[in-house]
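Hi,

Here is the structure I said I would pass on. Have a look at it first, and then read my notes underneath.

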There are 2 protein chains.
Amino acid sequence: MNITSFNPPRRILMGPGPSDISPQVLQAQSRPIVGHLDPLFVGMMDEIKFLLQYAFQTSNPHTFAVSAPGSAGMETCFVNLVEPEDKVIVCINGVFGQRMLENVERCGGEAVVVEDSWGEPVSISKVEKALEQHPDAKVLAFVHAETSTGVASDAQALCALAKQHHCLSIVDAVTSLGGIPLKVDEWGIDAIYSGSQKCLSCVPGLSPVSFSQAAIDKLTKRKTKVQSWFLDQSLVMGYWSGEQKRSYHHTAPVTALYALHEALLSLYNEGLEVSWQRHADFHQQLTQGLSELGLELMVDESCRLPQLNLVAVPEGVDEAALRARLLNDYNLEIGAGLGQFAGKAWRIGLMGYAARQENVTLCLAALNDVLKS
Amino acid sequence: MNITSFNPPRRILMGPGPSDISPQVLQAQSRPIVGHLDPLFVGMMDEIKFLLQYAFQTSNPHTFAVSAPGSAGMETCFVNLVEPEDKVIVCINGVFGQRMLENVERCGGEAVVVEDSWGEPVSISKVEKALEQHPDAKVLAFVHAETSTGVASDAQALCALAKQHHCLSIVDAVTSLGGIPLKVDEWGIDAIYSGSQKCLSCVPGLSPVSFSQAAIDKLTKRKTKVQSWFLDQSLVMGYWSGEQKRSYHHTAPVTALYALHEALLSLYNEGLEVSWQRHADFHQQLTQGLSELGLELMVDESCRLPQLNLVAVPEGVDEAALRARLLNDYNLEIGAGLGQFAGKAWRIGLMGYAARQENVTLCLAALNDVLKS
């Protein structure tokens, strides 16, 4: 096999993630590697923690990045906070709610499913009813921003309900963090996970998480060991905690964390509110342009995610062929539909560094070209 | 908090990993990001598989990189291949054997421990006895190269014993891959995991693994679901398999895989035998120099790892202060002792790109300076 170095072209990433990455963040990764217990690196980890607390709007000390993708961040929340036979209310309105259910079952938890149609937000009233019917439920789990459908659910209202019914909340913020308002402390979120490769515009492979004191309390009072050694937060805390000597747990992905530091710093310098507004503004521009092209957005305006737009494939259009043309002729990636929407929708992302004028303009113009020819 | 971009100095990494990384591998990471389902990226994944098969010396189709560090690679092997109540013979002669035991227990397996002193290899005769005493054992698990002690165990003999007693073998090759002879197919290894940041001299955060057909058979015949969704190989196979349409499982760490591709390509171009010899040669030079400095190697020559040298801290020397001086004055990192050897030993690594003349020369000269002053 004749193999040479991999030299990819510059793509414009407007799918469901990974999103575009700024040159600064990409270059941060190629800085010299230092040891994962080097005092300089430990200092950088403290800064990452501070920057993540800002991004999540929390003062939770247990805020850090899991050394693996968002799916592992999800699993981190479930394996630490769900013990065998714990009753967990799981809201499903897309692929990632379904994945939460898988996690509950694999932890030996007892799942109560609250189901909503794909493309709809999680129903507050259905969740309220489930909480009333299951007063012994210990956890409420839902997806804030469903990457498979482009739908935002009302995390604030859902977490308030959880609190009212003495449940911990586990929130999937993979696609929401940095793109739409998210306030962990104000909303009373107990455990939250995100992904580095969405609105943070960092490289994929890291999953920021944050645990409230109530979540830590549940963890420390467990009767059984966490089933995953790698994700056991009672062990990982010793490595990320600034209060004591760092104890070795695993080797952190040093250079990926350089990138996360740079990406979070960029968000911090821009300001969360400015970032949210930028996503909203370019979303407005994109949706108007799509509508002028005769393309239909499939999610109601009231719960539409600005950073991820579910667009109906017009009748008679070969959706995969269109995506291939965008990729091959314009170096532009948009996403395919997932699950129930496979073949029926595209997902156009405006995440993080991708939410910018040149991307929106190119995307609309390229779509116009390929739809007309 | 006043935070600026992180700009580390150039360190020389001669600890237990992460190891030094070539400029080519570091730069590979800052190439433009492409989507994780981009046809170009999928082609690169196929090349990584080929290059990993070469590095592992295997034709196993199920050979790929777990999107997380070596600890997750370890967990991948255990959660997939150990079902509740499976009897597993676990060999412990250092930190990582101990971690294997943690994994067996968290999978609900029944562990039979074969213990050897730290600094000694796994005893073939003890393992043989354990296999005879436990004919119902299903798995034999051991560490090929103990990173905590610098000891190599006889993987070939241990795997032959496992086969003879109808056990699957799980082998930790985190520190061995690329540094000493390792032949997965010839030795009949069933499941093996490694780390990207040791003798492969790639960035930390990935764990190459390979499963034999017998391992796949055990996985597909499981009565229970794998307890980890993220590490469930029956799901991951759909993403890394070249034979069918890639199905989405999680977002691969795209740029870290660029680095792995480049690092594996470098090993392929150098040739495994040449790499093994290079590690052996610089090890000879290092040990001779250490002995001239009056420093004692703590592991018997017969089972010493060339890539990781356990050096006794001389009486009266403040080991942490010495390491700090090497780091601060020479930008040179050597490792502390771990577990039983904490405070008593240093670990000097010669891993991958770190096994080179300038590193050995600097290390010996710097040690000479700081020990004499």
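Start with A:Glu102 and A:Arg106, whose side chains meet in a salt bridge at 2.8 Å, N to O. Bear in mind that this is a predicted model. Both residues sit in helix H4 of chain A, 4 residues apart, which is about one turn of the helix. Is A:Arg106 buried or exposed? With a relative accessible area of 11%, A:Arg106 is buried, because the cut-off for that is under 20%.

The pair doesn't stand alone, either. A:Glu102 and A:Arg106 are linked with B:Lys225 and B:Asp232 in a network of salt bridges, with members from chain A and chain B. As a reminder, side chains of opposite charge can pair when their charged atoms come close.

That takes us to the interface. On each side, 73 residues are involved: 73 of chain A are in contact with 73 of chain B. In chain A, the residues that lose the most area to chain B are A:Phe6, A:Arg106 and A:Trp229, together 14% of what that side buries. So A:Arg106, from the salt bridge above, turns up here again, and it is buried. The area buried between the two chains comes to about 6300 Å², and carbon and sulfur atoms give 63% of it.

Which charged and polar links cross between the chains? The rule finds 6 salt bridges across the interface of chain A and chain B. For an example you can look up, the side chains of A:Arg11 and B:Asp38 meet in a salt bridge at 2.7 Å, N to O. There are also 26 residue pairs in polar contact between chain A and chain B. As for where the contacts come from, the elements that give two or more residues to chain A's side are helix H1 (23–28), helix H2 (39–56), helix H3 (70–81), helix H4 (95–106) and helix H10 (254–270). By class, that side of chain A has 37 nonpolar, 22 polar and 14 charged residues.

How are the two chains related? Chain A can be laid on chain B with an RMSD of 0.0 Å by a turn of 180 degrees and a shift of 0.0 Å along the axis. That is the relation of a two-fold axis. If you want to find the axis from chain A, go to A:Ala68: its C-alpha is the nearest one, 2.5 Å from the axis. The same surface serves both copies, as 100% of the contact residues of chain A recur in chain B.

Now for some other salt bridges, out of 28 over all chains. A:Arg278 and A:Glu270 meet through their side chains at 2.7 Å, N to O, and A:Glu270 is partly exposed, with a relative accessible area of 27%. In chain B, the side chains of B:Arg356 and B:Glu358 meet in a salt bridge at 3.1 Å, N to O. Here B:Arg356 counts as partly exposed at 24% relative accessibility, and B:Glu358 is partly exposed too, at 49%.

One last residue to click on is A:Gln233, in helix H9 (residues 233–240) of chain A. A:Gln233 is buried, with a relative accessible area of 1%. Leaving out residues up to four places away in sequence, A:Gln233 touches A:His62, A:Phe64, A:Thr76, A:Asn80, A:Phe211 and A:Leu219. With A:His62 there is a polar contact of 2.9 Å, joining the side chains of A:Gln233 and A:His62.

Cheers

Terms used. Residues numbered from 1 in each chain as written. Chains lettered and ligands numbered in written order. Predicted model: local features only at pLDDT ≥ 70, side-chain atom pairs only at ≥ 80, totals over all residues. Heavy atoms only, no water. Contact = heavy atoms within 4.5 Å. Buried area = accessible area lost by both parts, 1.4 Å probe. Salt bridge = Lys/Arg side-chain N within 4 Å of Asp/Glu carboxyl O. Polar contact = N/O pair within 3.5 Å; in protein donor to acceptor, adjacent residues only side chain to side chain. Nonpolar A, V, L, I, M, F, W, Y, C, P; charged D, E, K, R; others polar. Least-squares fit on C-alpha atoms with pLDDT ≥ 70 in both. Buried < 20%, exposed > 50% of the residue type's maximum accessible area, 1.4 Å probe, protein only.
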